[in-house]
Amino acid sequence: MGKSLIHFSVQSVLNLYVHLQAVLTVGFAFGQPQETIGLRTTPENDHLRMRAAGGPFKISLFADLHFGENAWTDWGPLQDFNSVKVMSTVLDHETPDFVIYLGDVITANNMAVANASLYWDQAISPTRVRGIPWASIFGNHDDAPFEWPLDWFSDSGIPQLFCPAVNSSYSGEEECDFRGTHRIELMKKEIDYNVLSHSKNGPKDLWPSISNYVLQVSSSHDRQMAVAYMYFLDSGGGSYPEVISSAQAEWFRHKAEEINPDSRVPEIVFWHIPSKAYKKVAPRFGVHKPCVGSINKESVAAQEAEMGIMKILVKRTSVK
């Protein structure tokens with residue numbers, strides 16, 4: 001999806017309030033027993049847990065950051081620099097308890113570097129340096145194949161390529177390369193090098209789809225007691241079709257019935273590319289302030305097909 005455009009749909013979230021600046025920040029309070037909540041990570045179990053003090057539970061969503069886009073121009077690196085500034089400002093102002101990178105973190109189809117993880121690492125750095133836990137899912141640009149710009153073949157010829165080193169905690173060569181970095185490698189690098197990342201590869205039988213997983217938010221006094229479940233689904237694009245497959249839909253249904261059989265615990269589902277159902281109900285005359293960005297400049301680019309996930313969500317009363 002386009003740079004700065006946010007694709008996020010909220011369906012009847014309990015006590016939900018939304019504050020949208022350059023990104024989306026979501027806060028919510030759960031039902032009885034009432035408790036003021038925030039997040040902390042505990043090294044011994046990697047659980048997300050509430051705490052008794054610290055304000056409402058806040059999630060900041062960063063979508064369509066598109067780091068590395070038009071990297072051979074002055075415009076591209078400047079946009080990455082500005083994105084870091086915006087994220088840093090939002091994180092400092094909102095002080096969220098958790099951050100979600102909602103896909104299209106990078107524009108892989110513009111990258112001629114051997115390791116796109118360098119740009120991915122740059123995108124998550126504002127969250128990491130502030131010690132905020134996060135999770136990520138993939139969009140349609142994160143492992144898209146390189147697209148040669150037509151103007152490279154003008155009378156001036158193909159320009160000299162510069163593949164500059166990007167600030168990164170990873171080691172390795174920054175030489176030019178056009179093979180791209182696959183989803184599984186991007187996710188592996190994030191997980192291996194970041195202790196605050198709660199991202200997961202997901203079940204192998206759902207590959208080539210990556211980043212299908214669920215995170216539990218636990219009570220402050222009992223880490224086995226779930227207060228909310230957050231599901232993350234890879235909506236495709238890039239190296240394979242833009243869909244949430246029937247296999248993914250069935251995985252969600254089975255997992256939800258397994259861990260939340262009576263639908264008592266609220267569930268929130270995140271993915272990048274909007275559903276065909278959302279395209280039918282999306283605002284037709286623009287979204288006004290406080291929403292900013294290109295949300296009013298681009299039409300909804302929905303998934304290629306509906307393969308069952310929306311029907312399952314409609315029937316599940318716990319899905320918010």
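**Entry 1: helix α4**

What covers the buried residues of α4? I began with this question, keeping in mind that I was working on a predicted model. I found that the cover includes the strands β8 (213-218), β9 (226-232) and β10 (267-270), together with the helix α6 (309-315). The helix α4 itself takes in residues 246-259, and from its first C-alpha to its last it reaches 20 Å, close to the 20 Å expected for its 14 residues at 1.5 Å a residue. I listed its buried residues as Gln-248, Ala-249, Trp-251, Phe-252 and Ala-256. Looking down the axis of α4, I noted that these buried residues fall within an arc of 160°, so they line one face of the helix.

**Entry 2: the chain as a whole**

I then stepped back to the protein chain, in which I counted six helices and ten strands. Of its 320 residues, 52% are buried. I also looked up how far apart in sequence the contacting residues lie: among contacts between residues at least 6 apart, 72% join residues at least 24 apart. The chain exposes about 15100 Å², and carbon and sulfur atoms supply 55% of that area.

**Entry 3: strand β5 and its partner**

How many of the six residues of β5 are buried? I found that six of six are, over residues 57-62. In a regular strand the side chains alternate between the two faces of the sheet. I therefore sorted the residues of β5 by side, and both faces turned out to be covered, with Phe-57, Ile-59 and Leu-61 buried on one side and Lys-58, Ser-60 and Phe-62 buried on the other. I wrote down that Lys-58 is among these buried residues.

Next I followed the pairing of β5, which runs parallel to β6 (residues 98-102) and is joined to it by four bridges. For Leu-61, the bridge partner in β6 is Ile-100. Between these strands I traced helix α1 (residues 75-94), and β5, α1 and β6 together make a right-handed β-α-β unit.

**Entry 4: backbone exceptions**

Most residues other than glycine have a negative phi, and most peptide bonds are trans. I looked for departures from both habits.

Where is Pro-208 placed? I located Pro-208 in the loop between α3 (183-193) and β8, and the peptide bond that joins Trp-207 to Pro-208 is cis, with omega about 15°. The loop between α3 and β8 also holds Ser-211, whose phi is positive, near 75°.

A positive phi, near 50°, is found at Asn-70 too, which sits in the loop between β5 and α1. Is Ser-211 buried or exposed? With a relative accessible area of 0%, Ser-211 is buried, whereas Asn-70, at 25%, is partly exposed.

**Entry 5: Ala-144**

My last entry concerns Ala-144, in the loop between β7 (134-137) and α3. I asked which residues Ala-144 touches, leaving out those up to four places away in sequence. The answer was Ala-108, Asn-109 and Gly-238. I noted as well that its C-alpha atom is separated by 9.5 Å from that of Met-111, a residue 33 places away along the chain. The relative accessible area of Ala-144 is 9%, and because the cut-off for buried is under 20%, I entered Ala-144 as buried.

Note on methods:
Residues numbered from 1 in each chain as written. Predicted model: local features only at pLDDT ≥ 70, side-chain atom pairs only at ≥ 80, totals over all residues. Heavy atoms only, no water. Helix = DSSP H or I, 4+ residues; strand = E, 2+ residues; numbered from the N terminus. Expected span 1.5 Å × (residues − 1). Buried < 20%, exposed > 50% of the residue type's maximum accessible area, 1.4 Å probe, protein only. Arc of directions from axis to C-beta. Contact = heavy atoms within 4.5 Å. Areas by Shrake-Rupley, 256 points an atom, 1.4 Å probe, with all protein chains shown as cover. Pairing = 2+ DSSP bridges. Right-handed = clockwise from strand over helix to strand, strands pointing away.
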